[in-house]
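Biologist: Could you take me through the surroundings of the ligand in close detail? I would like to know which residues are around the ligand, and what the polar contacts look like.

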Amino acid sequence: MSKFISKRFDTLEAYVPGEQPQDMQYVKLNTNESPFPPAPAVLEAVNAAEINHLNLYPDPEGKVLRETLAKHYGVKLENVFLANGSDELLNFFFMTFCDEEKPVAFPAVSYGFYPVYANLYRLPYDAIPLREDFRLEPEDYCGIGKNVVIANPNAPTGRIISVDEIEKIVKSNPNHVVMIDEAYIDFGGESCLPLVEKYENLLVCQTFSKFRSLAGGRLGFAIGSPALIEDLDKIKYSTNSYNINRLTMAAAVATIENDEYYVNNSRIIQANRAYTVEELGKLGFETLPSKANFIFTRCKTVDGGTIYRELKAKGVLVRHWDKPEIADWCRVTIGSREQMDVLLEKVREILKEVG
Ligand code: PMP
């Protein structure tokens, strides 16, 4: 740290992203990307149409993409906001709606970026403990009188709450914004998007990074009432008006137009998820019920840190956190069947060696 950093940030703990090794090829099951490449039409859209126009700024309103998303989800253009990954969307959410008088609540075991943003903006926040087996109790958020952020399905647990339960939370906090982070909704979960019409305080956040095979393109979007979108726009235009680049916008439009390809990939991932859970079960692993493209699992005989390190030494990357309440567990992205078979083979070896 230099002597020049603002006092506001000298104790800030930054978010630590999952490992993105550039040196060696791993079976990469650590950051919940899709194992499938973008649809062929996406590659064509990026090559032909847009590279030649990179000398020009992109449309700051992202109108074509927003219209495409609005049509796909049955909402209006004014309901859609674009961001450079849903991480940027979260940043805008915390910056726009939260302050000393409007603190924020989120689950204590959830996406690690929530407390980082809360600390960045020096917000008072409640990290609400999950219940037994990492279950999120909706009642804990009803009438809480704070802004709320909930990842649904939750990360890293993979557990989901129902649309009815979300509605109760939204309805009981009419003077606060409830943001439902649906980064992993397209792997068998039910989206709460239909509630947006009914509740002006609901913001639903999604990403192109998982189901839509576009993590490297960095695109997230929010759907909410026009007034909320207007507020987000105000902050966006006060930080970076051109937050989505041309190539990503072209890729994203072609992605939405080829939805069937992604729906089919999701079916494969859901089948691979069931297969992996079953096979790990035979090896003595306990896995939480997951509606995401990852599972949260623990071995009854070997601790999570050892599993993570041994797998890494054998060329398979999964995610592990040293936090005491989840130190036994590893989060494993569901990839292709071949990737899952390598994982299982390496787990069998580890159990023989150290189990
Ligand atoms: N929300 C959750 C719950 C996540 O797990 C992630 C991915 N790490 C994100 C948001 C951010 O995803 P992205 O910025 O790639 O859209």
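Modeller: What follows is a walk through the ligand site, with a short look at the salt bridges at the end.

The model is a predicted one, and the distances below are computed from its atoms. The ligand takes up the space of the largest pocket, and the residues around it are Gly 85, Ser 86, Asp 87, Tyr 111, Ala 151, Asp 181, Ala 183, Tyr 184, Thr 207, Ser 209, Lys 210 and Arg 218. In character this shell is evenly divided, with four nonpolar, four polar and four charged residues. Helix 3, which spans residues 85-97, contributes the most to the shell, giving three residues.

Turning to polar contacts, a ligand oxygen lies 3.0 Å from a polar backbone atom of Asp 87, whereas with Thr 207 the partner is an N or O atom of the side chain, 2.6 Å from an oxygen of the ligand. The side chain of Arg 218 likewise places an N or O atom 2.8 Å from a ligand oxygen. Of the 400 Å² of accessible area that the ligand has on its own, the protein covers 91%.

As for the salt bridges, side chains of opposite charge can pair when their charged atoms come close, and the count in this model comes to 20. One of them joins the side chains of Arg 348 and Glu 279, at 3.8 Å from N to O. This pair links distant parts of the chain, since Arg 348 belongs to helix 10 (residues 337-354) and Glu 279 to helix 8 (residues 259-282), with the two 69 residues apart.

Methods:
Residues are numbered from 1 along each chain as its sequence is written. This is a predicted model: local features need pLDDT of at least 70, side-chain atom pairs count only at pLDDT 80 or more; totals for chains, interfaces and linings use all residues. Side-chain values use heavy atoms; hydrogens and water are left out. A residue is near a molecule or strand if one of its heavy atoms lies within 4 Å of it. A polar contact is a pair of N or O atoms within 3.5 Å; within protein, one must be able to donate a hydrogen and the other to accept it, and residues adjacent in sequence count only if both atoms are side-chain atoms. Accessible areas come from the Shrake-Rupley method with a 1.4 Å probe; for residues, only the protein chains shown count as cover. On a 1 Å grid over the protein atoms alone, a cavity is a set of points where a 1.4 Å probe fits but cannot get out, and a pocket is an open set with protein on both sides within 12 Å along at least five of seven lines; lining residues have an atom within 4 Å of a point. A molecule sits in a cavity or pocket if more than half of its atoms lie within 2 Å of its grid points. Helices (H or I, at least four residues) and strands (E, at least two) are DSSP runs, numbered from the N terminus. Ala, Val, Leu, Ile, Met, Phe, Trp, Tyr, Cys and Pro count as nonpolar, Asp, Glu, Lys and Arg as charged, and the others, Gly among them, as polar. A salt bridge is a side-chain nitrogen of Lys or Arg within 4 Å of a carboxyl oxygen of Asp or Glu.
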